[in-house]
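Let's walk through this one together, piece by piece. Have the viewer open and follow along.

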Amino acid sequence: MDQVTVRCTVENCHYWGRGNVCDAREILVTSDQVGAKYPDHVDTQQLSAILEEVGETPAGKCEETCCKTFRARS
Ligand code: SF4
């Protein structure tokens, strides 16, 4: 499968790279509700553990989705 390039403008994220490219190996994009419900440490590694509870999270518009992998750069 081809590698996906994620373009992102969230410059203060730990994974943000020059040219607005995300340098994370993988990211978790989910609904705003799931993003708000689970603590910051919940990310791609924990997805299989919460998937049954979370299920699928359809969104009606882009404003209802978020990047759960975001981590503020220290
Ligand atoms: S992890 Fe998410 S917020 Fe951070 S650079 Fe990548 S896409 Fe942007």
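Helix α2, spanning residues 47-54, is hardly covered: of its 8 residues, the number that count as buried is 0. Keep in mind that this is a predicted model. Right after α2 comes Gly55, with a positive phi near 65°.

Now zoom out to the whole chain. Buried residues make up just 7% of the 74 residues in the protein, so α2 is one place to look when you think about coverage, with its buried count of 0. The C-alpha atoms fill a box of roughly 35 × 30 × 25 Å along the principal axes. As for the fold, you'll find 2 helices and 4 strands, and reading along the sequence gives β-β-β-α-α-β. Contacts reach across the chain too: among those with a separation of 6 or more, 58% link residues 24 or more positions apart.

Next, back to the loop between β1 (16-17) and β2 (21-22), which is where Asn20 is found. Asn20 isn't a glycine, yet its phi is positive, near 60°. Is Asn20 buried or exposed? Asn20 counts as exposed, because it has 12 C-beta neighbours inside 10 Å, and the cut-off for exposed is 12 or fewer.

Finally, the ligand. What sort of residues make up the shell around it, by class? The shell has 11 nonpolar residues and 1 polar one, with no charged residues. Four cysteines appear in the list, Cys8, Cys13, Cys22 and Cys67, and the ligand is also surrounded by Val6, Val10, Tyr15, Trp16, Ala24, Ile27, Thr69 and Phe70.

Technical notes
Residues numbered from 1 in each chain as written. Predicted model: local features only at pLDDT ≥ 70, side-chain atom pairs only at ≥ 80, totals over all residues. Near = placed C-beta within 6 Å. Nonpolar A, V, L, I, M, F, W, Y, C, P; charged D, E, K, R; others polar. Buried ≥ 20, exposed ≤ 12 C-beta atoms within 10 Å, placed from the backbone. Contact = placed C-beta atoms within 7 Å.
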